[in-house]
Amino acid sequence: MMWGLPTTVEIGGESYAIRSDFRVILDIFEMLEDPELDAADRAEGILKMFYISPESIPPHRLQEAVDCFTWFQNGGQTTGKDSKKKLIDWAQDYPLILSPINKAFGRDLREIPYDVKHNTGGVHWWTFLGAYNDIGDCVFSQVVRIRDKKANGKSLEKEERVWYQKNRDIVDIHRKYSEAENAIISEWA
């Protein structure tokens with residue numbers, strides 16, 4: 001059982017320092033959603049953003065390094081919830097998530113300094129994730145509940161339908177389009 005908050009991961013029997021602040025992980029999530037990036041670009045982005053010295057990782061261990069990020073972002077679990085239905089968009093939902101997490105911490109997490117260059121300060125991702133997993137009844141939980149019902153073809157209660165109609169802009173996940181897709185869409189308009 002792991003009791004601490006890891007600041008390194010083991011790849012091929014060697015320890016590699018990582019950036020563990022929640023802002024770095026959320027930035028990685030945002031990068032992963034970029035429709036302009038292919039799988040190789042996303043893997044490279046993970047390596048450059050997550051590891052302090054990605055150049056020190058042997059080329060034959062790069063996939064293992066990406067897998068270590070997945071393990072880390074899942075809070076130390078070897079497998080995440082493997083759902084094809086997207087219920088959370090970290091970039092879109094961040095303003096809704098931050099308030100209940102700040103409430104749990106008793107302060108605004110953004111005020112806690114983090115130096116990405118020196119990897120000092122900040123709030124560890126697992127600490128952030130623990131507070132996230134403890135989010136109770138709030139706007140964000142209402143949003144996810146409605147998304148889940150809609151994704152699974154379940155009917156919304158009358159109050160939920162009314163709330164959804166008034167708040168579609170925060171409930172519906174906004175699809176990100178590549179520049180090429182945007183060009184095609186603008187031709188149709």
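This report walks through the overall build of a predicted protein model and then two of its aromatic pairs.

**Overall build**

The protein contains nine helices and four strands. Following the sequence from start to end, you will meet them in the order β-β-α-α-α-α-β-β-α-α-α-α-α. If you are setting up a box, the C-alpha trace spans about 55 × 45 × 30 Å along its principal axes.

Of the 189 residues, 34% are buried. The accessible surface amounts to about 11800 Å², and carbon and sulfur atoms account for 52% of that. Counting contacts between residues at least 6 apart in sequence, 62% join residues at least 24 apart. As for charge, there are 24 positive and 31 negative charges, and their mean positions lie 7 Å apart.

**Aromatic pairs**

The structure holds 14 aromatic pairs. A pair of aromatic rings is described by the distance of the centres and the angle of the planes. Here are two of the pairs, with both values:

| Pair | Centre to centre | Angle between planes | Geometry |
|---|---|---|---|
| Phe50 and Tyr51 | 4.9 Å | 80 degrees | edge-to-face |
| Trp90 and Trp125 | 5.7 Å | 65 degrees | edge-to-face |

Phe50 and Tyr51 are both buried. The tryptophan pair links distant parts of the chain: Trp90 belongs to helix α4 (residues 90-105) and Trp125 to helix α5 (residues 125-133), with the two positions 35 residues apart in sequence numbering.

Are these tryptophans buried or exposed? Trp90 has a relative accessible area of 17%, so it counts as buried, the cut-off being under 20%. Trp125 is buried too, because its relative accessibility is 1%.

Definitions and conventions:
Residues numbered from 1 in each chain as written. Predicted model: local features only at pLDDT ≥ 70, side-chain atom pairs only at ≥ 80, totals over all residues. Heavy atoms only, no water. Buried < 20%, exposed > 50% of the residue type's maximum accessible area, 1.4 Å probe, protein only. Contact = heavy atoms within 4.5 Å. Areas by Shrake-Rupley, 256 points an atom, 1.4 Å probe, with all protein chains shown as cover. Lys, Arg positive; Asp, Glu negative; His and termini not counted. Charge placed at Lys NZ, Arg CZ, Asp CG, Glu CD. Phe/Tyr/Trp six-rings, centres within 6.5 Å; stacked < 30°, edge-to-face > 60°.
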